[in-house]
Amino acid sequence: MEATLAMQTKNLDFYYGTFQALHDVSLNFMRSHVTALIGPSGCGKSTLLRCLNRMNDLIPETRADGEVYFNDQNIYTEDVDPVEVRRRVGMVFQKPNPFPKSVYENIAWGARINGFRGDMDELVETSLKKCALWDEVKDKLKQNALELSGGQQQRLCIARAIAVEPDVILMDEPTSALDPISTAKIEDLITELKQRYTIIIVTHNMQQAGRVSDQTAFFLNGWIIEAGDTKDIFFNPREERTEAYISGRFG
Amino acid sequence: METRQHFSNELHIMYQDVLQMGTLVEEALRKALTAVTNQDYDLAEQVKQNDHQIDTLQFALDKRCTEIIATEQPVATDLREILVAMKISSDLERIGDHARHVVRVMDQLTDSVFRETLPRFAEMTEKGISMVHDSITSYVNHDPDQAREVARRDDDIDDMHRALYKELLAMIAANPDRVETGTALVFLNRFLERLGDHVTNMCEWIVYAKTGEHVELNKA
Amino acid sequence: MNSAPEEHITHRHEEIMANIQQRRIRGKVWQALFYLATTIAVLALVILILNIFNSVFGYVLIENDVEPETLVASGNLEDMENRELIALLEENLSTGLIRRFNSEGPLEERSTEDLARLVQQRIINPTIIESWSLWESIFEQDEIRTTRSENSGTVLQFRSWLTIDFLRSPQNPRPQLAGIRTAFLGSLWMILIVMVISFPIGVASAIYLEEYARADKWYNRIIEVNIYNLAGVPSIIFGLLGLAIFVRLLGGITQGRTIVSAGMTLSLLILPIIIINSREAIKAVPASLRESSYGVGATKWQTIWHHILPASFDRILTGTILAISRAVGETAPLVVVGASTFITVDPDSIFSKFTTLPIQIYQWSARPQEQFRNVAGAAIIVLLVLMLSMNAAAIITRNRIAKNRRV
């Protein structure tokens, strides 16, 4: 079975003002795979993630040089609307941030503004079921989402992301604010979801990257040091710096 | 200050344990050889008792390795080194058993007919002891090349084993009333050849620890 | 052998306790200062309110042209029949006056109350000769009685200057008949106009500045600086501005010194405050909310309308209501723009001449008659109640909205 590319970056440089945060990043993201981006703080992994859905456009004085391909189309061109990109490439953030609306509305709103005309109740139920949240909240759909627990909120955010039917889901340290059980539930969810979506996850947690991802890319100071199958990287990395990082010999 | 100081300390202790086990095994083999050469039954008894010590050390080493894996989540090279430590410990324990086999056939080796084979056995044992020593050294020094070299020495032991085997068969044929003694010595020959194989096995794992590749160093 | 560590522990304990004591004492000093400051403030407030109340309640010495007892035995005009009252009116008042009353509403169809009031006003015609403050009324009763006995034919009455009639009556040169109706309605119209103009413009400007304007563009920076400066400009300058532009320049549209001119002037006055406050409210919306909205593919406007505005609305509303209640209390700019000094007709459109509560209070306090101080005091109470209600509305609204949104 041949894996196709869902997204790809080619020679991507990224600047915050005059500071270069990414250097010549070329990375492939396989469809229906989970790719983990790891590296010490400030290495550029979150920056790269936010380039993939043009979220960095919201920050003033930033510049991207190079290409980012989504389904073989460069999303950093004039005629591409970032709003469309963000619909096809969804995002889940580090701190769970559901809208201060009801659980139902959280999922329905995104779908509605993107022109969804079908059965909203069904969409909400399906999305929540896919995130293993339905049973826990089916009686609380009208309740304010902020009353849910942290783990539930994060799963709700994932459900919200998939309700608009993206192709790719970006996750920026999605479990770093959660307890181990919620973390485990979300990791299971990621493994479930990758059948339908391509997932790219930034994580600080080495073991999580090992548990959850198929491919891993190791970043350092804005450079990719090594990228490849997770099993290879964790069993026998090619680069000394990779080995030092994943063994925790520097952080 | 290196990070994961605790982890480093634990690994250091693990290597010490392996070294110590190696030392105990070498000592056992040497003592066995001396006991046989000098007909020292007290020493022979010591060898049998000390085997218990080797077994205890193996359990402790395995336990320590398991604990490190559980608590430190090692990956890549660290993980391989720890797994190899466990593999080596089981090989070393078997080698320790061979020392017992040597003293068990003490009487037979002093038999008038078979006495002349003693120097050959001594040589094989010495070779084995040095192989054990050097392989452990290559492990703690993370030196796969040395490990490979040690593995090659197994050929010598194999050659000696083959020659001795033919000789023993001839001796048994010539002295049919000494079959029991002869057979015991054939077994001993076998054990010493196996010792070499065990060390070669260890060397394969030592190469694996460093490179992640599994190599075949045993000749068929 | 164990005493050394024990001593050490005890010593540590003493050290720590001494340090804690010290910090506690410092805290207590500050606490005392804060209490003192609060007490002074509360005291000042209480004195102010008592002062006002002082002038609103008290004894008055009334002289009637005609004693009510001569008209009806009980002294209560409402005990009389309607036709008796009408007869009285027609006897004593000029035909012109009767005609005017009839045009406002035929006398035959009026209620007893109404007729009695007219008789009271026109025939009995009480004049207040002397009035005393509440303090004087309580503590200087002898003096009051002396004054009363010096003036025969007068009635001593304990009166509250804040009555329903006071609220219902328009201006009047005589203090006991003066009311704040025109002024109160003027203030209400003002609130309406100011709200309609300044709220949308203010909030929209804040949205533009905060969400759309790029901070590095020079014109945006000029706008920002100007807004912050304007918030500190004295209000009378706005009055002059309003005079020049709304009354004179645009006189054709605004019809000169009308409510709409005044309303627009006050709107300009509080616009910078509303913009600044709204901006702060919008700034306070956490970035995570914006990001999560953009993350599902929302446009900028969708994010603003569905997420940012609802999240900041309570603060925007509170700030706006507070700014408007400030506008309600403005006097100087309205004087310049031309609030009428004497007006008895209710405003009926935005192009009416007008007066407002603060202006009325100011004018009454400037009158020579003593009794106008009492009337001014009553008007002050009405103004205070109005402003308190607005502030209370602001707080309640904010709490209600905040409760529904954030958990």
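**Entry 1: contacts along chain B**

I began with sequence separation in chain B: among its contacts between residues at least 6 apart in sequence, 78% join residues at least 24 apart. Two residues are in contact here if their C-beta atoms, placed from the backbone, lie within 7 Å. I noted that this is a predicted model, where local features need pLDDT of at least 70, side-chain atom pairs count only at pLDDT 80 or more, and totals for chains, interfaces and linings use all residues. I also noted that residues are numbered from 1 along each chain as its sequence is written, while chains are lettered from A and ligands numbered from 1 in the order in which they are written.

**Entry 2: the build of chain B**

How many helices and strands does chain B have? I found eight helices and zero strands, so the elements read α-α-α-α-α-α-α-α from the N terminus on, with helices (H or I, at least four residues) and strands (E, at least two) being DSSP runs numbered from that end.

Next I looked up the overall dimensions. The C-alpha atoms of chain B fill a box of roughly 70 × 35 × 20 Å along the principal axes. The radius of gyration, taken over C-alpha atoms, is 19 Å, which agrees with the value near 17 Å for a compact globule of 220 residues. That globule rule is 2.2 Å times the number of residues to the power 0.38.

I then checked burial: 38% of the 220 residues of chain B count as buried. A residue is buried if 20 or more other C-beta atoms, placed from the backbone, lie within 10 Å of its own.

**Entry 3: which chains touch**

Where are the most contacts among the two pairs of chains that touch? They are between chains A and C. Chain B and chain C share no contact, and their closest C-alpha atoms lie 30 Å apart.

For chains A and C, I found 18 residues of chain C in contact with 23 residues of chain A. Helix 14 (287-295) and helix 15 (300-328) of chain C each give two or more residues to that side of chain C. Helix 14 has the largest share, six residues. By class, this side of chain C has seven nonpolar, eight polar and three charged residues. Ala, Val, Leu, Ile, Met, Phe, Trp, Tyr, Cys and Pro count as nonpolar, Asp, Glu, Lys and Arg as charged, and the others, Gly among them, as polar.

For chains A and B, the contact takes 12 residues from chain A and nine residues from chain B. On the chain A side, helix 9 (230-235) and helix 10 (240-246) each supply at least two residues. I sorted that side into five nonpolar, five polar and two charged residues.

**Entry 4: nonpolar cores**

A nonpolar core is a set of buried Ala, Val, Leu, Ile, Met, Phe, Trp, Tyr and Cys residues joined through C-beta atoms within 7 Å. The largest core has 77 residues, and those touching the most other members include A:Leu37, A:Leu52 and A:Ile200. Helix 6 (residues 150-163) of chain A gives the largest share of this core, seven residues. I followed A:Leu52: leaving out residues up to four places away in sequence, A:Leu52 touches A:Met7, A:Val68, A:Val89, A:Leu170 and A:Ile200. A second, separate core of 64 residues includes C:Met264 and C:Leu271.

Key. A residue is buried if 20 or more other C-beta atoms lie within 10 Å of its own, exposed if 12 or fewer, and partly exposed in between; C-beta atoms are placed from the backbone.
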